[in-house]
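Good morning, and thank you for coming. I should like to walk you through one structure; please look at it with me as it appears on the screen.

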Amino acid sequence: MVGGRRAIGVLGGTFDPPHIGHVGIAHRVRSALGLDEVLFVVAHDPWQKSGSRTVTAAPHRLAMVEAAVSGEEGLRCCPLEIERGGPSYTVDTLEELRRLEPAAILVLIVGADAAAQLDTWHRPEDLPGLARLAVVDRPGMPPAAAPPAWDVVHVEGLPEDISSSTVRRRVAAGEPVGQLVPDGVLRYIVEHGLYAEGSP
Ligand code: ATP
Ligand code: MG
């Protein structure tokens, strides 16, 4: 609760795959800001990425996020963008969450890399009216200055940078990733042969 109101963190991402960095920052922001829960919003079509690389099918990414948050207190998988279909715009998601939870405070959670790109999102001028912003540092990236319109809070990041790109690269090279992803995600990757060279 924040000032007596229910407060919901919104961590959007491609989650291709989700990793312990996502889980770690969600817990950090939740406890730093006193959020009731953090929603992992899985992008249906991450339109800024899907032009440049093949993104894993949405049902796989959703299932991996469900595995990643299972048993994690206060973290929840949110299928809204996948149910909506089409290109995934955070502004639509925040508007939908406002309708579902009109009394709640929404806090959009982004890493420093994403914070620096907020102006390139769909309808960027409408975002600050819908949510507050929590920016998490990312090792190796300069601390991001969010666009001035935002009510922003900075949260210290994790000591090591972990990224989905690293996980994908390591799996394709046959290297272990057990330290980088939750156990359930590792099992899912192995069972479905994701990220191996020549996989779908
Ligand atoms: P990719 O390497 O494919 O871009 P990613 O690890 O950046 O994957 P995304 O799904 O793109 O994961 O990220 C979703 C959100 O989580 C973004 O706001 C991103 O900045 C943030 N994020 C991901 N990993 C970290 C991390 N280790 N520290 C801080 N923020 C992170
Ligand atoms: Mg990223």
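Strands β1, residues 7–13, and β4, residues 105–111, pair in the parallel sense, and five bridges hold the pairing. Please bear in mind throughout that this is a predicted model. Within this pair, A7 stands opposite I105 of β4. G9, further along, has V107 of β4 opposite.

Strand β1 has a second pairing to consider. Six bridges join β1 to β2, and these two strands also run parallel. Here V10 stands opposite L39 in β2. To get from β1 to β2 the chain passes through α1, and this β-α-β crossover is right-handed. As for its surroundings, is β1 enclosed or left open by the rest of the structure? Five of its seven residues are buried, so β1 is largely enclosed. On strands in general, the side chains of a regular strand alternate between the two faces of the sheet.

Let me now turn to the sheet as a whole. Six strands make up an open sheet, and their order is β3-β2-β1-β4-β5-β6, with parallel pairing. Which strands stand at the edges? They are β3, residues 75–78, and β6; each has a single partner strand, so one side of each is left without a neighbour in the sheet. From one strand to the next, the twist averages 30°.

Helices pack on this sheet, and I shall describe two of them. Helix α1, residues 20–33, touches β1, β2, β3, β4, β5 and β6. The direction of α1 makes about 145° with that of β2, which spans residues 37–42. Helix α5, residues 90–100, also packs on the sheet, where it touches β1, β2 and β4. Its direction makes about 155° with that of β4.

The next topic is the interior. The largest nonpolar core holds 37 residues, and those that touch the most other members are L11, V38, F40 and I109. Which helix gives the most to this core? It is α3, residues 58–69, with six residues. A second core lies apart from this one; it has 25 residues, including V110, W121, A131 and W150.

V38 deserves a closer look. If we set aside its neighbours within four places in sequence, V38 is in contact with G9, L11, A26, R30, G74, L75, R76 and I109. Two of the names in that list, L11 and I109, we have just met alongside V38 among the core residues that touch the most other members.

I come now to the cysteines. How many disulfides does the model contain? The count comes to zero. For C77, the nearest cysteine sulfur is that of C78, at 7.3 Å, and C77 is in no disulfide. A disulfide would require the two sulfur atoms to be within 2.5 Å, so a separation of 7.3 Å does not qualify. C78 is likewise in no disulfide, its nearest cysteine sulfur being that of C77. Both residues are buried: C77 has a relative accessibility of 13%, and C78 has one of 5%.

Some backbone details also merit attention. As general background, most residues other than glycine have a negative phi, and most peptide bonds are trans. Against that background, consider the loop between β1 and α1, where F15 is placed. F15 is not a glycine, yet its phi is positive, at about 50°. Its relative accessibility is 2%, so F15 counts as buried. P17 is found in the loop between β1 and α1 as well. The peptide bond that leads from D16 to P17 is cis, with omega near 0°.

A positive phi also occurs at R123, where the value is near 45° and the residue is again not a glycine. R123 is found in the loop between α6, residues 112–115, and β5. With a relative accessible area of 28%, R123 is partly exposed.

Finally, I would draw your attention to G140. Its place is the loop between β5, residues 132–136, and β6, residues 152–155. Is G140 buried or exposed? Its relative accessibility is 86%, so it counts as exposed. G140 and R53 are 87 residues apart in sequence, and their C-alpha atoms are 23 Å apart in space.

That concludes my presentation, and I thank you for your attention.

Conventions
Residues numbered from 1 in each chain as written. Chains lettered and ligands numbered in written order. Predicted model: local features only at pLDDT ≥ 70, side-chain atom pairs only at ≥ 80, totals over all residues. Heavy atoms only, no water. Core = buried A, V, L, I, M, F, W, Y, C linked by side-chain atoms within 4.5 Å. Buried < 20%, exposed > 50% of the residue type's maximum accessible area, 1.4 Å probe, protein only. Helix = DSSP H or I, 4+ residues; strand = E, 2+ residues; numbered from the N terminus. Contact = heavy atoms within 4.5 Å. Pairing = 2+ DSSP bridges. Axes fitted to C-alpha atoms, helices over the stretch in contact; angles between N-to-C directions. Right-handed = clockwise from strand over helix to strand, strands pointing away.
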